[in-house]
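User: I'd like to go through this one piece by piece before I plan anything at the bench. Can you take my questions as they come?

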Amino acid sequence: LLQSVVVVKFFFQILIFANLLIQFFFLNHFLGTEYTFWGAGILNDMLHGRQWQQSGHFPRVAFCDLTVREMGNINNWTVQCVLMVNMFNEKIFIFVWFWYAFLLLCTVINLLSWLRQRFSKTARKTFLYNVLTDSGLDTTEADREEFYNDVVKDDGVLVLLLLDANGGRLQSGELAQQLWTSKFPPSDAKTISTVAEDEANLNEQMWSENYPSSSFKDTENLTK
C-alpha cells in the first residue's frame, strides 16, 4: 500500500510539472512571440531600453479602420489608435509568466526533495531526528538508531513524511512521540505534555505570589 502511495505521489508531481510546461507553451503560442522564454525576453528588452516599436510586443499605437456616415455618405477612415490597455496587458502577462516560473521552480525543488527523502537513508534519519527534536524528546544517537531500525523503519518514515507534508510538524510530531513512548516509556525524558504541565505550574506559582488572595484556576475559569 505504501509503495502505491509513493507511486501515486510521484505521478502527481510529474503531472504538475508537465502542466506547468504546457502552460508555458500555450502562453507563448497565445502571445505569438519570437522568444522561447517570453517573460525573460520581455524583461531583457525593458532593461536594455528596447521599445515595443522594435520588439512588436503589445503595441501602444496601431492603425484602425473606421466607417463614418456623413450626410448620407459612408466614408472609410484610417486613423491612429492609442491602445492604452496593452500597457496593463503587458504587466499582467509578465506577472503570470514569472508566477508560472516560480511554481515550476518550487515543483522541481519539491520533487527532488521528495526523491531524496525517499531514496536516501541518511536523509530519512535526519528527518526523523528533526521530528523527534521538535517534539521535545531528549534522545541519544543509539536510541534513535534503535528506534529507526526496530519501530518506524522506512515505511514509518514515509508515513511521517506524508503526514508532515500535508498536516504539519505538529501532527507528525505527535505520532512520532507516541511511537517513541511505545518503545521507550517516559522516565526522565521531557515530552511536550510534561513541558506544558511545568509551564502551567510555573504560571500558577507566579500568580499566587503576585495575587495571594485569588486563585489562578478560578481566574482561568472566568476567562474561559
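Analyst: Sure, and one cut-off up front: a residue is buried under 20% relative accessible area, exposed over 50%, and partly exposed in between. Keep in mind too that this is a predicted model.

User: With that cut-off, how does D134 count: buried, exposed or partly exposed?

Analyst: Exposed starts over 50% and buried ends under 20%. D134 has a relative accessibility of 49%. That value lies between the two limits, so D134 counts as partly exposed.

User: OK, now the big picture. How many helices and strands are there in the chain?

Analyst: Reading along the sequence, you go through α-α-α-β-β-α-α-α-α-α-α. Count up the elements of each kind and you get nine helices and two strands.

User: What percentage of the residues of the chain count as buried?

Analyst: The surface first: the chain exposes about 15,500 Å², with carbon and sulfur atoms supplying 61% of that. As for burial, the chain has 224 residues, and the share that counts as buried is 25%.

User: And of the contacts between residues at least 6 apart in sequence, what percentage join residues at least 24 apart?

Analyst: Take the contacts in the chain whose residues sit at least 6 apart in sequence. The part of these that joins residues at least 24 apart is 58%.

User: Which residues does UniProt give for the feature "transmembrane region"?

Analyst: The unreviewed UniProt entry lists two stretches under that name. In the model, the earlier stretch is 100% helix and 0% strand, with its end C-alpha atoms 30 Å apart. The later stretch is also 100% helix and 0% strand, and there the end C-alpha atoms are 35 Å apart. By the record, the positions are residues 7–27 and 92–115.

User: On to the strands. Over how many bridges do β1 and β2 pair?

Analyst: β1 covers residues 61–70, and β2 covers residues 73–82. They run antiparallel to each other, and one of the bridges sets V61 opposite V82. The number of bridges in the pairing is ten.

User: Which residue in that hairpin takes a positive phi?

Analyst: The hairpin of β1 and β2 leaves two residues between the strands. The phi in question is near 50 degrees, and the residue that takes it is M71.

User: How many residues of β2 are buried?

Analyst: β2 is hardly covered. T78, for instance, is found in β2 and counts as exposed at 52% relative accessibility. Among the ten residues of the strand, the count of buried ones is one.

User: Which residues does T78 touch, leaving out those up to four places away in sequence?

Analyst: D65 is a good place to start: T78 and D65 are 13 residues apart in sequence, yet their C-alpha atoms are 4.5 Å apart. D65 is on the contact list with two others, and the full set is F63, C64 and D65.

User: Which residues make the nonpolar surface patch?

Analyst: The patch spans about 570 Å², and helix α4 (residues 85–119) gives the largest share of it, three residues. V61 from strand β1 is in the patch too, and V61 is partly exposed at 34% relative accessibility. The members are V61, V82, M84, M87, F88 and I92.

User: Now the charges. How far apart in sequence are the parts tied together by K125 and E145?

Analyst: A search of the whole structure finds five salt bridges, and the K125 and E145 side chains form one of them at 2.8 Å, N to O. K125 lies in helix α5 (residues 121–134) and E145 in helix α6 (residues 141–167), so the pair ties together parts whose separation in sequence is 20 residues.

User: Which residues do salt bridges with shared partners join into one network?

Analyst: R169 and D134 meet in a salt bridge at 2.4 Å, N to O. That pair links helix α7 (residues 169–183) with helix α5, 35 residues apart. D164 also bridges to R169, with the closest N and O atoms 2.6 Å apart. The shared partners join up a network of D134, D164 and R169.

Methods:
Residues numbered from 1 in each chain as written. Predicted model: local features only at pLDDT ≥ 70, side-chain atom pairs only at ≥ 80, totals over all residues. Heavy atoms only, no water. Buried < 20%, exposed > 50% of the residue type's maximum accessible area, 1.4 Å probe, protein only. Helix = DSSP H or I, 4+ residues; strand = E, 2+ residues; numbered from the N terminus. Pairing = 2+ DSSP bridges. Salt bridge = Lys/Arg side-chain N within 4 Å of Asp/Glu carboxyl O. UniProt positions renumbered as here; feature names shortened; annotations may be inferred. Contact = heavy atoms within 4.5 Å. Areas by Shrake-Rupley, 256 points an atom, 1.4 Å probe, with all protein chains shown as cover. Patch = residues over 30% accessible without salt bridge, like charges linked within 9 Å, V, L, I, M, F, W, Y side chains within 5 Å.
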